[in-house]
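Q: Please take a close look at one loop of this structure, and then set it against the core, the other loops and the helix packing. I would like one connected account with the geometry spelled out.

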Amino acid sequence: MEVLERAYAKLNISLDTPFIHANGEQEWDMVMVAIDLADTVMIRTVTEHHEIIVDSTSGLLPLNEKNLAFQAAMFMREKAGVTEGVEIHIDKRIPIAAGLGGGSADAAAVLRGLNRIWGLQLTETQLAAIGLKIDADVPFCVYSRPARVTGRGEIVRPLTKKLPAIWVVLAKPAVSVSTPKILRSIDYDDLQHGDEVKMIAAVEAGDYQAMLKYMFNVLEPITAARFPEILKIKNKMIEFGADNAQMSGTGPSVFALTDKASRAKRIRNAIQGFVGETYITHIVN
């Protein structure tokens, strides 16, 4: 049997880490959204063999157990108690190592797809619990709709209000950011926390202007100190009409928000001369 799943990239409209646990894991408090920049993931189960096989249109992805989609198939096969072979093809459009959760989105697509194929009837909450074993972003990617995400990433509370039509201009500079290095660099005594309560209230009210006001990412200063091009892109986006701009995740991708299509095109035109990977996309409600 074969199914196709869309694997949506994610953005952090707000990102805070209130404290670190005794075992060294971060506690998160984030508002996350999916955008319609997406990979297409084909999942097929076969009886001719018992392997998990991953291939991709990108030559940059690992195709073995280091691949998050591979891990998702492994966990789901264990959950289902089957030995069928699983073949996964990833048509890659989300930039790699960009702070956009592309690998996690692919893993979530495999969780959803195999849940359908094998008729497991697992809830989103149950799939998210499996996803947390793979990566902290997988639980949100299972839902792929505006949500508050807390804990280690496993507590996903979808927000009830549909967001207004928002254009997103996305830029991924040609630098590679190590998430573990950034997380190890956090000085919790020096973090400038945002107001997550007001951000949640703004999103729940569908108040775009308030949402812009309360956007924040506590990791942006840490990553930008190592990669100054992040702030260069952000400032250029604002200069050319973005309502606000911010780094996503641990970076290096930067996104601009605007409620006007013409302004989105102007922002992209302004930055694509010095940033190779640029996109115009939308928030998925």
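**A loop residue and its surroundings**

A: Phe240 is found in the loop between α9 (229–239) and β9. The model is a predicted one, and each value below is computed from it. With a relative accessibility of 29%, Phe240 counts as partly exposed, because buried would require a value under 20% and exposed one over 50%. Leaving aside residues up to four places away in sequence, Phe240 touches Arg263, Arg266, Ile267 and Ala270. A separation of 9.1 Å lies between the C-alpha atoms of Phe240 and Arg268, although these two residues are 28 apart along the chain.

Ile267 also links this loop to Met237, since it is a contact of Phe240 and is touched by Met237 as well. With residues up to four places away in sequence again left out, the contacts of Met237 are Val169, Ala171, Ala242, Ala245, Val254, Phe255, Ala256, Ile267 and Ile271. Met237 belongs to the largest nonpolar core, which holds 99 residues, and is named with Ile88, Met211 and Leu257 as touching the most other members. The largest share of that core, 10 residues, is contributed by strand β2 (residues 28–46). As a general tendency, nonpolar side chains in soluble globular proteins are buried together.

Further along the chain, the loop between β9 (244–247) and β10 (254–258) contains Pro252. The peptide bond that joins Gly251 and Pro252 is cis, with an omega of about 5°.

Two other loops hold residues with a backbone feature of a separate kind. Ala97, in the loop between β4 (85–91) and α2, has a positive phi of about 55° without being a glycine, and its relative accessible area of 45% makes it partly exposed. Gln121, placed in the loop between α2 and α3 (124–132), likewise has a positive phi, near 55°, in a residue other than glycine. At 72% relative accessibility, however, Gln121 counts as exposed.

Both of these loops border α2, whose packing can be followed on two sides of the account, beginning with α1. Helix α1 (residues 68–80) and helix α2 (residues 102–117) pack with their axes 7 Å apart and at an angle of about 30°, and the two are therefore roughly parallel to each other. Their crossing is right-handed. On the α1 side the contact is made by Leu68, Ala69, Ala72, Ala73 and Met76, and on the α2 side by Gly103, Ser104, Asp106, Ala107, Val110, Leu111, Leu114 and Asn115. By class, the residues of this contact are nine nonpolar, three polar and one charged.

For α2 and α3, the axes come within 10 Å and cross at roughly 130°, and these helices are therefore oblique to each other. This crossing, too, is right-handed. The contact brings together Leu111, Arg112 and Asn115 of α2 with Leu127, Ile130 and Gly131 of α3, and its residues divide into three nonpolar, two polar and one charged. Leu111 and Asn115 appear in the contact with α3 and also in the contact with α1.

Technical notes. Residues are numbered from 1 along each chain as its sequence is written. This is a predicted model: local features need pLDDT of at least 70, side-chain atom pairs count only at pLDDT 80 or more; totals for chains, interfaces and linings use all residues. Side-chain values use heavy atoms; hydrogens and water are left out. Axes are lines fitted to C-alpha atoms, for helices over the stretch in contact, and angles run from 0 to 180 degrees between N-to-C directions. Helices (H or I, at least four residues) and strands (E, at least two) are DSSP runs, numbered from the N terminus. Angles under 35 degrees count as roughly parallel, over 145 as roughly antiparallel, 65 to 115 as roughly perpendicular and the rest as oblique. A crossing is left-handed if the near helix is turned anticlockwise from the far one by less than a right angle, and right-handed if clockwise. Contact means heavy atoms within 4.5 Å. Ala, Val, Leu, Ile, Met, Phe, Trp, Tyr, Cys and Pro count as nonpolar, Asp, Glu, Lys and Arg as charged, and the others, Gly among them, as polar. A nonpolar core is a set of buried Ala, Val, Leu, Ile, Met, Phe, Trp, Tyr and Cys residues joined through side-chain atoms within 4.5 Å. Buried means under 20% relative accessible area, exposed over 50%, partly exposed in between (1.4 Å probe, protein chains only).
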